[in-house]
Amino acid sequence: MSFLPLACAAMLAACHGDDHVAGPAPDTVPTVAPAVAHIAAGDVVAVDRAGMRSYFAIPFAAPPVGELRWAAPAPPQAWKVPLAKTGSAAPCLQTSESPFRLPGDSEDCLYLDVHAPLGQGPFPVMVNIHGGAFNTGGPVAYMDPSPLVTKGVIVVNVAYRLGAMGFLAHPALAAGGSAGNYGIMDQQAALTWVRDNIAHFAGDRNNVTLFGESAGGFSVMAHLAAPGSRGLFHKAIVQSGNYGNDRQLTAAQMGSASAAIVDDALRAAQAAGVQGIVCAPGAVTAACLRSLPEPVVRTYLAQAIYAALPVMVPSVDGRVLPRSVKATFAAGENLKVPLINGSNRDEYTLYIAIAEAARRAAAAPPDLDPADTRFALPAAAYAPTVAGLTAGAGVPAADLVGRWYPLAAYGSDAALQPSLAVSALGTDLGFACPALRVTQRVASQKSPAWMYEFRDRTATPLVGIAQGKYYLSFPQGAGHSYDFQYLYNMGPLANDEQRQLQAAMTRYWTNFARSGDPNRGADVPAAWPPFTGPDRVLGLDVASGGGIKPLATFEADHKCAEPWGAVTF
């Protein structure tokens, strides 16, 4: 389907509990996180901070440059001088115009960070795959996982190739019969590293939880569907990751799109006078691609792939992913492990906010007055916007505008109604209902599952703040990605009730990582019922917003039965 084409343009082990993998001999590994970890490739020196021992910028694969560009990750070279990094490595090339681009990016980027608690191990392990629409992001944004780590788990943050460098599938690269999904292969290499090395950091290699938000959540879904990921993790947490299950291109489609993307990038680079390009559009070889000058891949190739594929999700390459995520889950062929799956109450406000912020920035001079509503989505654009977002969904746009999402239902300020109405529709169709249907599918397979909705409308927004003041015309509420500030320290929380929500969420997450049940372990403020139907969703909110409690009306609130019941997610 082609609906919600902009939903994420700004930014998603077969081992059962008793199937343990033999590791190093017990007398060769520490029972506490060591000051210096001794792994096969070399020594890694810890940094003590915030109740943790952090080991930064550990290579889990060779730099993906030269002959390793657009190739499966290769093992890293050993080192003789102990690694003693004090911060995360450079993020992988950031390949979109997203406001979340990280500075200092590099092709040499396949590194991970390990953050271990103090005390006696072995510790459960949580491996975080970062979000960013498969175009941006990196471990540096998650450098302080102390809210999780101090509850007795190791957190591993991994990098992976993004955008064109991670997902281009030009036919010239298909030496082994397929191309693309190098970023997912990087994630598998990182999980393999964890399996082989985490015991040396006092981690339990037989108790690994894979988790991630947005593109990271979609990545978790991909690993639940990928045969090559079996045996590498034992539990999964998907946060706002069910957004593109039905939009994965086939190998043929991705190959055709990739060829056109490369040709467009070459033409643009040649027109700009970039030197050192040794092939012409339409006559591209693997050797030529791997020898492209950095300005071509950093600028022109990045621009071309973002223009052609603004919603980047892994393709069905036939090797890493033999079938789409949707088809794999529908057939019951996904990995059966305990799962937490969820979404945020107001996911799509982030994307409406990004658009308004861009319009305000383009004004001369830039307009940062929230009372000036000229930059909000106008009423005249509402119906066309809905039609564009839902093309291919099978629900008439006129019905959506007139019956299901009428402007009058979204507050008394007519200037803000279109922004709020589109946000509600985008949240329902793009995130909430897909998350519900996937969780229902998993529960029907008799696999343990829990579902949540993050609902804190006081969460600090990531877009629309300048000099400490909010300048957009409408509130974003519990927008896309705004839950992650409650798992990682990404800035000071505003008040005690937010800190209480953080404490509760991190207890649920770490209980699950430890035992496979978010209720079992440290005390939690409310029992989280196992998912058996749409009335078994746990709302996660600050006390003034309703607190933490089961939600009986999630399906109705997000219109998942009607009008979206006919849509197969």
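1. **The loop before α10.** P365 sits in the loop that links α9 (349–362) to α10. The peptide bond from A364 to P365 is cis in this predicted model. Its omega is near -5°. Check this bond when you look at the stretch leading into α10.

2. **A second cis bond.** The peptide bond from E562 to P563 is also cis, and here omega is near 10°. P563 belongs to the segment after α14, a helix that spans 554–557. Most peptide bonds are trans.

3. **An unusual backbone angle at F134.** What is the sign of phi at F134? The phi of F134 is positive, at about 60°, although F134 is not a glycine. Most residues other than glycine have a negative phi. F134 lies in the loop between strand β6 (123–129) and helix α1 (146–149).

4. **α10 against α12.** Two packed helices are described by the angle between their axes and the distance between the axes. For α10 (residues 382–389) and α12 (residues 417–444), the axes come within 10 Å and cross at roughly 15°. Angles under 35 degrees count as roughly parallel, so α10 is roughly parallel to α12. The crossing of α10 past α12 is right-handed. On the α10 side, the contact uses Y382, T385, V386 and L389. On the α12 side, P418, A421, V422, L425 and L429 meet them. These contact residues divide into eight nonpolar, one polar and no charged.

5. **α10 against α11.** Which residues of α10 meet α11? They are Y382, A383, V386 and A387. Their partners in α11 are A397, L400 and V401. The contact residues comprise seven nonpolar, no polar and no charged. Helix α11 covers residues 397–404, and its axis comes within 9 Å of the α10 axis. The two axes cross at roughly 125°, and α10 and α11 are therefore oblique to each other. This crossing is right-handed.

6. **Residues of α10 with two partners.** Y382 and V386 appear in the contact with α12. Y382 and V386 also appear in the contact with α11. View both contacts together when inspecting these two side chains.

7. **α5 against α7.** How do α5 and α7 cross, and at what angle? The axes of α5 (residues 251–271) and α7 (residues 294–308) cross at roughly 135° and come within 9 Å. That angle makes α5 oblique to α7. The crossing is right-handed. From α5, the contact draws on I261, V262, D264, A265, A268 and A269. From α7, it draws on V296, Y300, L301, A304, I305 and A308. The residues of this contact divide into eleven nonpolar, no polar and one charged. Aspartate counts as charged, so the charged residue is D264 of α5.

8. **The largest cavity.** How much space lies in the largest cavity? The volume is about 80 Å³. Its lining includes P64, R69, W70, C92, L93 and S106. E107, C109, R161, L162 and M165 also line the largest cavity. By class, the lining residues are seven nonpolar, one polar and three charged. Arg and Glu count as charged, so R69, E107 and R161 are the charged residues of the lining.

Methods
Residues are numbered from 1 along each chain as its sequence is written. This is a predicted model: local features need pLDDT of at least 70, side-chain atom pairs count only at pLDDT 80 or more; totals for chains, interfaces and linings use all residues. Side-chain values use heavy atoms; hydrogens and water are left out. Axes are lines fitted to C-alpha atoms, for helices over the stretch in contact, and angles run from 0 to 180 degrees between N-to-C directions. Helices (H or I, at least four residues) and strands (E, at least two) are DSSP runs, numbered from the N terminus. Angles under 35 degrees count as roughly parallel, over 145 as roughly antiparallel, 65 to 115 as roughly perpendicular and the rest as oblique. A crossing is left-handed if the near helix is turned anticlockwise from the far one by less than a right angle, and right-handed if clockwise. Contact means heavy atoms within 4.5 Å. On a 1 Å grid over the protein atoms alone, a cavity is a set of points where a 1.4 Å probe fits but cannot get out, and a pocket is an open set with protein on both sides within 12 Å along at least five of seven lines; lining residues have an atom within 4 Å of a point. Grid points are joined across faces, edges and corners, and a volume is the space filled by probe spheres set on the points.
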